[in-house]
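Colleague: I would love a close look at one part of this model, with the surroundings filled in as you go. Could you take me through it once the structure is up?

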Amino acid sequence: MNNKTTSPAYSHNVIEFITVAIEFCAFLEQTEDKNRETFTDTILKLIPLLYLKACLLPQYQILDNSNLPEDFVTEDNYNIVRANISIIMGGHDDYLDVFIEDMKYSDTPILTTISENLADIYQELKNFVMAYKHAIDEELMLNAIAEVKEEFEYSWGKKLVNVQRAIHEVRYNATEEEEDM
């Protein structure tokens with residue numbers, strides 16, 4: 001029997017998550033010619049699918065901290081993705097995030113951006129996809145899955161659901177007058 005068919009690194013849920021993560025990253029890397037409506041329509045379809053597939057990832061423990069996936073996304077890659085999204089979103093990039101940890105210590109709302117949150121998620125997913133693709137053994141693949149699942153639970157999953165609401169607001173509730181800004 002083929003080792004890939006029995007390995008947990010190639011389980012159905014892992015492969016589906018990788019597929020959606022690749023689609024999400026590719027979409028964010030190719031935003032230059034997209035208008036706001038096309039961008040928000042597509043990203044609002046990808047976000048819930050990505051969330052669902054991340055929830056279905058199996059839970060693994062990292063066995064060897066010396067065999068962790070490396071980072072592939074450079075600061076330039078990150079900034080290009082963030083800047084392209086910021087251009088598309090224009091004056092709708094900023095939103096108030098009430099679920100940021102620092103909010104409970106602040107008397108004023110905390111402003112965040114759609115572009116930064118999506119770029120942060122992109123960075124996590126692209127690093128995962130590239131680490132998985134270049135893994136030389138199953139342990140590294142499982143460590144990559146464990147790391148992306150843990151970061152989903154504690155970081156990028158929260159950003160994903162928070163930014164979805166902001167994008168939904170832009171897509172469905174921005175007035176024509178605001179669109180012209």
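Is glutamate 29 buried, partly exposed or exposed, and what is its relative accessibility?

Modeller: Happy to, and please keep in mind that this is a predicted model. Glutamate 29 counts as partly exposed, because its relative accessibility is 29%; the cut-off for buried is under 20%, and that for exposed is over 50%. Its side chain meets that of lysine 126 in a salt bridge, with 3.0 Å from N to O. Since glutamate 29 belongs to helix 2 and lysine 126 to helix 5, the pair ties together parts that are 97 residues apart in sequence.

To place those helices, here is the whole chain. It has seven helices and two strands, and from the N terminus the order of elements is α-α-α-α-β-β-α-α-α. Of its 181 residues, 41% count as buried. Among contacts between residues at least 6 apart in sequence, 77% join residues at least 24 apart. The accessible surface is about 10500 Å², and carbon and sulfur atoms account for 50% of that.

Now back to the neighbourhood of your residue. Leucine 28 is in contact with Phe39, Ile43, Val81, Ile85, Leu118 and Tyr122, leaving aside its neighbours within four places in sequence. The largest nonpolar core has 49 residues, and Leu28 is among the members that touch the most others, together with Phe17, Ile114, Leu118, Leu125 and Trp156. At least two residues of this core come from each of helix 2 (12-29), helix 3 (36-55), helix 4 (75-89), helix 5 (114-134) and helix 6 (138-173). Helix 6 gives the largest share, 13 residues. As a general point, nonpolar side chains in soluble globular proteins tend to be buried together.

Aromatic rings are worth a look too. The structure holds seven aromatic pairs, and ring pairs link Tyr10, Phe17, Tyr51, Phe128, Tyr132, Phe152 and Trp156 into a cluster. Phe17 and Trp156 also appear in the list of core residues that touch the most other members.

Your glutamate's salt bridge has company, as the count comes to five. In another, aspartate 41 pairs with arginine 171, and the closest N and O atoms are 2.4 Å apart. Aspartate 41 sits in helix 3 and arginine 171 in helix 6, so this pair ties together parts 130 residues apart in sequence. Aspartate 41 is partly exposed at 23% relative accessibility, and arginine 171 is partly exposed at 23% as well. Arginine 171 also lies over the face of tyrosine 172, 5.1 Å from the ring centre.

A further salt bridge joins the side chains of aspartate 120 and lysine 159, at 2.7 Å from N to O. This one links helix 5, home of aspartate 120, to helix 6, home of lysine 159, across 39 residues of the chain. Aspartate 120 is buried, because its relative accessible area is 16%, while lysine 159 counts as partly exposed at 26%. Through shared partners, salt bridges also join Glu37, Asp41 and Arg171 into one network.

Two threonines complete the tour. Threonine 113, in strand 2 (residues 111-113), counts as buried at 16% relative accessibility. Beyond its neighbours within four places in sequence, threonine 113 is in contact with Asp93, Asp94 and Tyr95. Threonine 74 is in the loop between helix 3 and helix 4 and is partly exposed, with a relative accessible area of 40%. Its C-alpha atom is 9.8 Å from that of asparagine 127, which is 53 residues away along the chain.

Conventions
Residues are numbered from 1 along each chain as its sequence is written. This is a predicted model: local features need pLDDT of at least 70, side-chain atom pairs count only at pLDDT 80 or more; totals for chains, interfaces and linings use all residues. Side-chain values use heavy atoms; hydrogens and water are left out. Helices (H or I, at least four residues) and strands (E, at least two) are DSSP runs, numbered from the N terminus. Buried means under 20% relative accessible area, exposed over 50%, partly exposed in between (1.4 Å probe, protein chains only). Contact means heavy atoms within 4.5 Å. A nonpolar core is a set of buried Ala, Val, Leu, Ile, Met, Phe, Trp, Tyr and Cys residues joined through side-chain atoms within 4.5 Å. Accessible areas come from the Shrake-Rupley method with a 1.4 Å probe; for residues, only the protein chains shown count as cover. Rings of Phe, Tyr and Trp (its six-membered ring) pair if their centres lie within 6.5 Å; planes under 30 degrees apart count as stacked, over 60 as edge-to-face and the rest as tilted. A charge sits over a ring if NZ of Lys or CZ of Arg is within 6 Å of the ring centre and within 35 degrees of the ring normal. A salt bridge is a side-chain nitrogen of Lys or Arg within 4 Å of a carboxyl oxygen of Asp or Glu.
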